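Grab a coffee and work through these short exercises with the model open beside you. Try each task before you read its solution.

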Amino acid sequence: MPTHAEKKVLPYTAQQLYGLVADVERYPEFLPWCRAIRVRKREGNVLTADMQVGFKMVRETFTSRVTLTPETGIDVAYLDGPFRYLNNHWRFVDQPGGGCLVDFFVDFEFRSHLLQALIGTLFNEAVRRLVAAFEGRARQLYGPAQPGAPARA
């Protein structure tokens with residue numbers, strides 16, 4: 001149902017952006033609506049985590065399996081919670097002239113028709129705020145874009 005795909009060149013390295021996204025335990029510090037994260041299990045580059053999200057009076061927790069491919073990608077597979085399904089991936093590709101191409105994709109559907117209707121009206125704004133939160137976190141951790149840095153794709 002709601003699907004978002006975005007490719008953007010950011011003035012950071014694939015290693016930096018991968019590190020930022022892979023550090024799921026820090027999400028409550030900067031992601032809107034993320035109230036808590038609990039990593040249940042780590043096995044090599046695969047972790048199982050619970051994420052609690054909240055917006056106004058609505059709070060939900062879901063479990064996902066996060067597969068980390070160092071410096072190149074992150075895949076999120078839904079395991080349990082309020083969704084019918086959730087697919088999410090990140091890809092990071094260093095660019096020859098500097099910066100990193102970030103390929104972000106998310107597709108999901110709630111089981112609840114009420115939640116689905118609610119997110120349907122807010123989806124574009126919610127995704128815009130999530131993407132902006134990751135970009136803001138990158139600036140906080142790695143500094144602002146430098147003059148002459150690659151423009152957005």
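**Exercise 1: a pair of rings**

Task: Is Y27 buried or exposed?

Solution: Y27 has a relative accessible area of 8%. Buried means under 20% relative accessible area, exposed over 50%, and partly exposed in between, with a 1.4 Å probe and protein chains only. So Y27 is buried.

A word on ground rules. This is a predicted model, where local features need pLDDT of at least 70 and side-chain atom pairs count only at pLDDT 80 or more, while totals for chains, interfaces and linings use all residues. Residues are numbered from 1 along each chain as its sequence is written, and side-chain values use heavy atoms, with hydrogens and water left out.

Next task: find out where F30 sits relative to Y27, and whether F30 is buried or exposed.

Solution: start with the helix. Y27 and F30 both belong to helix α2 (residues 27–30), three residues apart, or about one turn of the helix. Helices are DSSP runs (H or I, at least four residues), strands are too (E, at least two), and both are numbered from the N terminus. Then check the area: F30 comes out at 15%, so F30 is buried.

**Exercise 2: ring geometry**

Task: How many aromatic pairs does a search of the whole structure find, and what kind of pair do Y27 and F30 make?

Solution: the search turns up 13 aromatic pairs. For Y27 and F30, the ring centres are 5.9 Å apart and the planes sit at 80°, so the pair is edge-to-face. The cut-offs: rings of Phe, Tyr and Trp (its six-membered ring) pair if their centres lie within 6.5 Å, and planes under 30 degrees apart count as stacked, over 60 as edge-to-face and the rest as tilted. To widen the view, ring pairs link Y18, Y27, F30, W90, F92, F104 and F134 into a cluster.

**Exercise 3: following L31**

Task: Which residues does L31 touch, not counting residues up to four places away in sequence?

Solution: first place L31, which is in the loop between α2 and β2 (34–43). Its relative accessibility is 9%, so L31 counts as buried. Now list the contacts (heavy atoms within 4.5 Å): L31 touches L130, A133 and F134. Take L130 as a check: L31 and L130 are 99 residues apart in sequence, yet 6.4 Å apart in space, C-alpha to C-alpha.

**Exercise 4: the whole chain**

Task: How many helices and strands does the protein chain have?

Solution: the count is three helices and seven strands. From the N terminus on, they run β-α-α-β-β-β-β-β-β-α.
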